[in-house]
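Before reading on, please take a moment to look over the sequence and the model shown here. The paragraphs that follow move from a set of annotated positions to the parts around them.

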Amino acid sequence: MKQKVKEMVDAIYPTLVEIRRDFHRHPELGLEEYRTSSKIKSYLKETGIKIDQLIGETGIVGLIEGASDGKTIGLRADIDALPIQEVNKTDYISLNPGKMHACGHDVHTTILLGTAFVLQSLKDEFKGNVKLFFQPAEETVGGAKTMIEAGCLENPHVEHCLGLHVRPTLQVGEIGFHYGKCHAASDTLTIKVQGKQAHGAYPQDGIDAIVIASNIILALQTIVSRNLSPFNSAVISLGMIEGGSAGNIVCNDVTIRGTLRTLDLETRTFMKKRIVEVVESTGKAYGGNAFVEIEEGYAPLINDNYIVDEVKEVATDLLGETNIVIFDHPSLGVEDFAYFSQAVPSCFYSLGTSNKKKGIEATLHENTFDIDEEAIKVGVCLQVLSTLKLLQN
């Protein structure tokens, strides 16, 4: 089957390159992926793939039904772009000013379409079903959560889900895996400090919100160093502070904004509770008031080790053991595939896309980001073969 799949992918590869370049020329931001969604629907219909569900204005669920009943495997690709002005000199540079596929979602979408084309051709040779999730708004509001809430994992029920992400720190032909903790959860912090205004010459008449804010900032950093085990991880980053009206006036209001990153639900719950305690008690200790608003972001992405093993075995057979990279540490970046991994045992892995010889090495979210398009072949082969393996087990 491996050789058959490779030959099928080779045959459609020129088409996939054109599809990818077309998506790259026409990037669209989260929840605005109207053209992208329309093109995906056309490709699915042309191939005879059933569109099982439309979610919102741009989310699509495709369904490939095998020869008989069996498991259902879900495959996900995110379809949105970033608000970045591209400066590459390729003939497929973005035509939409200020928008660019600088995170490789055009590649993810193309790989899922290629995987769908191959699996649709093989549907009489496997049992079960394959669901195709073309998901909007990964970069913004977390479209994965919306799709799951809309029922994309049901009717038929999805037992396992696979996702991939381009990774320019790996060369084309290399695949990277995380066991267990893969990506962090994120939460947005907004801290409000209330003091009392006074003339700068008479500080005893006021309550200095800047002094309170300064102590809150310092105190929050001790949560990681003194309240959390050294064997666990969390990051509190405070990137904005606003307050005061003049240099000779004791400030009465300060706003601090930042983020919290954690790698599991237990740590996330503890950190949020402790942040509230530290902020409120510090405000009172200095005679003022302080409170924190915590806006919950993406969940932590935790891979299922059994599913990772299954995909890793396929990747090793396809590419050789020397091209398999096991990451020692999780990423503190976020990824909304986390909602799929929360719902069903899943594997999210990294696809090498750089090529030093071709000078393709720009990192994600750079305005010069690009890939070696040979990675599309690797991604399609690996998704197809991994899906077939999971359907059999």
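A polar contact is a pair of N or O atoms within 3.5 Å, and within protein one of them must be able to donate a hydrogen and the other to accept it. With that in mind, and remembering that this is a predicted model, the side chain of Glu139 can be said to make a polar contact with the side chain of His105, at 3.5 Å.

Both residues belong to a wider set, since the "binding site" annotation of the unreviewed UniProt entry covers Cys103, His105, Glu139, His165 and His365. These residues are spread over 263 residues of sequence, yet they cluster in space, with a largest C-alpha distance of 13.1 Å. From this set, Cys103, Glu139, His165 and His365 are taken in by the lining of the largest pocket.

Glu139 sits in the loop between strand 4 (129-135) and helix 4 (143-149). Its relative accessible area is 24%, and because buried means under 20% and exposed over 50%, Glu139 counts as partly exposed. Leaving aside neighbours within four places in sequence, Glu139 is in contact with Asp80, Ala81, Leu82, Cys103, His105, Tyr298 and His365.

His165, by comparison, is placed in strand 5 (residues 160-171), and with 11% relative accessibility it counts as buried. The contacts of His165, again without its neighbours within four places in sequence, include Cys103 and His105, as well as His108, Glu335 and Phe348.

From His105 the path leads on to Thr109, whose side chain reaches the backbone oxygen of His105 at 2.8 Å. Thr109 lies in helix 3 (residues 105-121) and is buried, at 2% relative accessibility. Beyond its neighbours within four places in sequence, Thr109 is in contact with Phe23, Ile40, Ala77, Asp78, Ile79 and Phe134.

Phe134 also introduces the interior, for in the largest nonpolar core, which has 63 residues, those with the most contacts inside it are Leu113, Leu132, Phe134 and Phe177. Helix 9 (residues 374-392) gives the most to this core, with 11 residues. In soluble globular proteins, nonpolar side chains tend to be buried together. Leu132 shows what surrounds one such core residue: not counting residues up to four places away in sequence, Leu132 touches Leu44, Ile49, Ile60, Val61, Gly62, Ile64, Leu75, Leu112 and Ala116. Another core, of 22 residues, lies apart from the largest one, and among its residues are Ala234, Ile256, Ile275 and Val279.

Key:
Residues are numbered from 1 along each chain as its sequence is written. This is a predicted model: local features need pLDDT of at least 70, side-chain atom pairs count only at pLDDT 80 or more; totals for chains, interfaces and linings use all residues. Side-chain values use heavy atoms; hydrogens and water are left out. UniProt positions are given in the numbering used here, feature names are shortened, and annotations may be inferred rather than shown by experiment. On a 1 Å grid over the protein atoms alone, a cavity is a set of points where a 1.4 Å probe fits but cannot get out, and a pocket is an open set with protein on both sides within 12 Å along at least five of seven lines; lining residues have an atom within 4 Å of a point. Helices (H or I, at least four residues) and strands (E, at least two) are DSSP runs, numbered from the N terminus. Buried means under 20% relative accessible area, exposed over 50%, partly exposed in between (1.4 Å probe, protein chains only). Contact means heavy atoms within 4.5 Å. A nonpolar core is a set of buried Ala, Val, Leu, Ile, Met, Phe, Trp, Tyr and Cys residues joined through side-chain atoms within 4.5 Å.
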